[in-house]
Amino acid sequence: MGKKQIKIHIKDLWFYYHGRSILENINIEIEKNVITSIVGPSGQGKSSFLMTLNRLWESVDGATATGTVEIDFGNGFQDIYHKKYSLSLLRRQVGMVFQVPNPLPMTIYKNIAFPLKLMGEKDQDQISAKVEEALKRSFLWEEVKDRLCQDARTLSGGQQQRLCIARAMVLEPQVLLLDEPTSSLDETSVRVIEQLLLELKSRCTIILVSHYMDQVKRIADNKLVLSDRQFKQQ
Amino acid sequence: MGKKQIKIHIKDLWFYYHGRSILENINIEIEKNVITSIVGPSGQGKSSFLMTLNRLWESVDGATATGTVEIDFGNGFQDIYHKKYSLSLLRRQVGMVFQVPNPLPMTIYKNIAFPLKLMGEKDQDQISAKVEEALKRSFLWEEVKDRLCQDARTLSGGQQQRLCIARAMVLEPQVLLLDEPTSSLDETSVRVIEQLLLELKSRCTIILVSHYMDQVKRIADNKLVLSDRQFKQQ
Amino acid sequence: AALDDFKSEEKQVLRISGGTAHIPVMKEAAKRIMTINPDLQITIAGGGSGAGIKQVGEGLVDIGNSGRRASDAEIEKYGLGMVKWAVDGVATVVNPKNPVKALSGKQLQDIFSGKIATWKALGGDDRPINIYTRDKSSGTRSVFWKKALNKGDISDKANFVTSNGAMKSAVTNDPYAIGYVSVGYIDKTVAPVTLDGVKPTLDTVKSGEYKVARGLYSNTKGEPSGLAEKFMEYLLSSEGRKIVVEKGFIPVN
Amino acid sequence: MRCKDTIAGFVFSGASVFSAAVTLAVLGFMIVLSLPVLKSAVFFDVLTAPWSPDHGQFGILPMIVGTLYISLVSLLISFPLSLGCSIFIELVRPDGPGRLLKKIVQLMTAIPTVVYGFVGVFLLVPIIREWFVYGSGMCILSASLMLALLIAPTMILLFSQSFARVPQSYLNAVDALGGNMVQKLWYVILPNAWRGILTGIILAFGRAMGDTLIALMISGNCVALPSSVLDSARTLTAHIALIIAADFDSIEFKILFICGITLYLMTSCGIILARSLDRKPG
Amino acid sequence: MANNCWDKMLKIFSWICTFLLVTAVFMVIGFLVVKGYKAVSLELIFADTRPFDALLLKRQVFGGLFPAMAGTVSLVVLSMGFALPLGLASGIFLAEYAPFRVKWFFSLLFDILAGIPSIVVGLFGFSITIFLHHFFSEQIFPCLLIASLSLSFLVLPYIIRTTQMSLESLPLQVRLTAPCLGATKLENIFLVLLPSSMSGIISGIVLAIGRCAEDTAVIMLTGAVATAGVPKSIFSSFEALPFYIYYMASEYADHSELMQGYGAALILLIISAGLFGVSYGIKNRFATKIPNRF
Ligand SMILES: Nc1ncnc2c1ncn2[C@@H]1O[C@H](COP(=O)(O)OP(=O)(O)OP(=O)(O)O)[C@@H](O)[C@H]1O
Ligand SMILES: Nc1ncnc2c1ncn2[C@@H]1O[C@H](COP(=O)(O)OP(=O)(O)OP(=O)(O)O)[C@@H](O)[C@H]1O
Ligand SMILES: [Mg+2]
Ligand SMILES: [Mg+2]
Ligand SMILES: O=P([O-])([O-])[O-]
């Protein structure tokens, strides 16, 4: 392995719910293009930590975060908490996938095209090319190419989760946050998604919250243990 | 151990919800004065089975049962599904306790006195004697004797569950059906209730639905496994 | 009959409805009677003269008031007994702030039919004229329509109000209003309009100079009897006549 | 025991059959009483002619138009306002003010209509008269403004209910993909909550049509067909209240039942429509 | 950024709407309070009669709100007297007895009844009265009894639907508790189901009371009049607070009557808000005080 490259610098990060601190004084670095897994008992703040990396907590009632999170999106480290930093820009570069797959109530095609539409992309050819690519990359293309116009909620759980990953990947984010993405899936689907993550690693930095030690052992390069509002590297 | 005595004969029992069969052709016997536990995956029909034993399904929309269930209440086996069999008589002799404790919206005292009132008991002294006895037998007397006039819903979960058992026991039923009676309780309460069941075994036949294998091992004498609409004895 | 007559009456209810011009007098009389004998209950509703005649005819009330003589057809159909206890006029009124205080009969007809639409044409402000009128059941309206408007049209743009009282407060509240009320209702919150040179006042009505005049009647089904009869007698007694004067009407002799 | 149970069953079902019968009786009674008009040749005139008893014309067209006009204008005023307020409660949701607004809106449901009418007469009408330098101030606009306040809580509460019912996972998906609030509203909330919104609009419209006091007190009640919002107009409900004193045998009185039937049918259609929307999962 | 700009506009729009609505509501309430607070006093209610005499019905009150308030109270008591048993029984039937189709049809009818404009219900009441007067007994007039019957039809659907919904929302476990102990269906309903859903039902009832106290359109067609004094029998006409307000608004004779109108409006507003508060309180109290473990 070559020299370690750092993708995210987290300095002095605190996180609160309704004034109660969940994370205290976090100072860690996250390596580029590897899978970093975060483990720890339930309710410790793993999900909260992910939300600090794309500022998703700003949409949650009663949540606050302070500190600096610097991410290098190719042009040097920039503090994403800086006032002028655009939220939608950030979220496009930091994708996120949730524990329970959450396809939007529209067709499979439109689900993937949705982030492009949000970005203001108008060119239909471009969009369909990108959708196809994203689906291929998440091993879903073969399974859905004949039913792109069906409602995405008719897919199986594992397919839905891959759809959500594809949706997150269509904007080519440099960081991908995964919050227990396989915990509601059956064994086979889990394997397919793990495979997918290993593939994706080459093009983005993956942070994976997982309850399953086996899984962490199988695919993670780094492991961070969250306990007592702090991280312990292992 | 002496010769096994049979309490309940179940022959050719079928159970349906809205025409969909849940239990098919059940033929089993249940031993007298022991704890028989019923285990099996969720949604297999364990609760439904209990309801066939006191005809409680008759109060549930869309449920039907066919077959014969014969119980020996001391004067030979009688088919409880027989047209002439009185429902209230049956329910007095077959007590039932649910997973979530369900005290009635009245005082502690009245909760226990309620079944007596339904039976038409008028003599207040008799009632209060029976209430006290039932509470003592369920190890609850000491805890509630000073607050008999408080609303039963102010008790803790474990206390409520014991209250419900006491309520079921006040009519001295010969069969006691318990539907996961400890699954919403903490460890200590669970132990108290298990102790209670072991005590009660001497005076009634207990059928216990439980998810916890540990618990089954600890207190059950017989174990019935429900799967694929059928029982398998183990 | 004097008030004392009511003292001996048993507990009972007297229903009165109809003409709204009558209401102040009715209220005062009822108040005095109910004070003397709290067992009596006298209920007073409006509705207009038409309603009063119909309701008493149908037996829904004991006394039905009307601000016009019941028509012969009505009298015959229901067998009404009538008591006329006051004389009253119907005056055109405007808001006191309105400089236009005199009109000719022709002008009045043109205003109500909508031909003259702004006050400017009459020397007032440059604002549209807001006409207020009553519904068909009103005795005040039928007298005004017959005697002041010569049965001319009333514009369908006119706003509707349901009683003499409501007419008065509508005109009080609207500086560009024109309407018509019973002379007894006129006080300083509304300004009477001089019609063809005659100002509607108690005196001009009494003297017959002001032509748009009418009687105030109370009707019963058949000849009045019982409490209704006593009530009528009270209205015609000296004390009753005092009330009539007090409320701005002219008692009949 | 058995016997008691059976009797109780009869009592309960009897009560509900009676209550249901009332609903039908209201319609039935009005139809019977208006039969003379329905049967006669005037019926068609009734729906098209103007109202002018002096000339023997008893049309209720101006009232139907007045009812629709006033309700529509009040809806036009109230709808964006209500939408904005429910966006405030469910989407913008500033901590304190959001909850406060909800409380205020709930409290608004308790304000009596006659109070709105009263305030309309003494506060709103003079303001309208002076601002627009036209008419008496008793006009469609005044009535619609007050009605808008009356129906706003119905809409706001139903709107925010249906906003809140949009699954959180959809909202999370949009958030995580970098969508902003407007996009969230446009692409996810509105497509999912439109049934609730439509239901709210229908019920509020029914409420506006059915209200008597506000229109009676501040719309002027003239019988001409209105041509602008500053014109005075009469609603079907106010018409009933005004004409009720008429002779029971007259055509005027019988026409009231036509008004009643019209109102009954219009609101019932609304209810049926709203229910059919509500039943399907949104 | 364009994105942000849209967001800001949406926020500003929603703030403006909120501001407009709240201002309007406070204008309405504030206007009444500012103009009316001076009028609110014992004299407003009892005029020159001694309150004690008035309350004991020894003397009639003239020029005060007392008769109107007494009328409204009798109206509310009577109509709830009719609507409550009928509504509760129908609600129980719908929730516990009715087969699916019947339930569907009846609840549709009750929804329609809830949507019927109150003036139409008033018209119904009025024409029934005339009908009875003509064909049944000359002694039937629009009166307190008729008005409260009509009002009870108006609030019936509210009571039915809240009863039905509170009963239906009880979890299966609660429903099965008493049958398990040998209770019959009726015992189950009266001893367990109704007490368990009491808070929902009561707050529905309080709102229905508010509706009775507030409605004007029904009573102006069925027996409310300008002057009647305290109602002496259910067969007489009556005064009522909302009708009084309507009457004063359109035909106050002088300033003091106008002030009475303001006072009456303020009092009615306070009563309605009070009833609303009570209903809200009941819901909250039952929801929080007793931990709901089901
Ligand atoms: N919306 C919220 N409001 C208030 N507190 C919250 C909220 N969401 C979570 N919490 C609390 O914050 C703490 C951290 O929650 P978080 O979801 O980050 O934990 P987690 O490590 O992801 O747990 P899990 O493994 O169960 O997902 C928990 O104690 C939780 O109770
Ligand atoms: N009221 C009902 N109406 C229709 N179907 C029902 C009803 N209650 C239960 N079922 C269905 O009947 C089946 C058996 O249910 P039952 O509650 O007996 O299962 P169980 O073994 O007790 O499960 P659990 O362990 O989750 O309590 C399930 O598939 C369930 O979906
Ligand atoms: Mg989590
Ligand atoms: Mg179960
Ligand atoms: O109400 P009137 O006196 O005009 O009939």
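Colleague: How many disulfides does the structure hold over all chains?

Modeller: Zero. A disulfide here is a pair of cysteine sulfur atoms within 2.5 Å. For Cys17(E), the nearest cysteine sulfur, that of Cys85(D), is 5.6 Å away, and Cys17(E) is in no disulfide. Do keep in mind that this is a predicted model, where local features need pLDDT of at least 70 and side-chain atom pairs count only at pLDDT 80 or more, while totals for chains, interfaces and linings use all residues. Residues are numbered from 1 along each chain as its sequence is written, chains are lettered from A in the order in which they are written, and side-chain values use heavy atoms, without hydrogens and water.

Colleague: Why is Cys180(E) in no bond with Cys164(B)?

Modeller: Their sulfurs are 10 Å apart, which is too far for a bond, and Cys164(B) has the closest cysteine sulfur.

Colleague: What makes Cys180(E) count as buried?

Modeller: Its relative accessibility is 3%, so Cys180(E) counts as buried; buried means under 20% relative accessible area, exposed over 50%, partly exposed in between (1.4 Å probe, protein chains only). Cys17(E), at 4%, counts as buried too.

Colleague: Why do β2 and β5 of chain B stand at the edges?

Modeller: The open sheet of four strands runs β2-β1-β4-β5 in chain B, with antiparallel pairing. Strands (E, at least two residues) are DSSP runs, numbered from the N terminus, and two of them pair if DSSP finds at least two bridges between them. β2 (20–31) and β5 (77–79) each have a single partner strand, so one side of each is left without a neighbour in the sheet.

Colleague: How do you know that β1(B) and β2(B) pair?

Modeller: They share eight bridges in the antiparallel sense, against the at least two needed.
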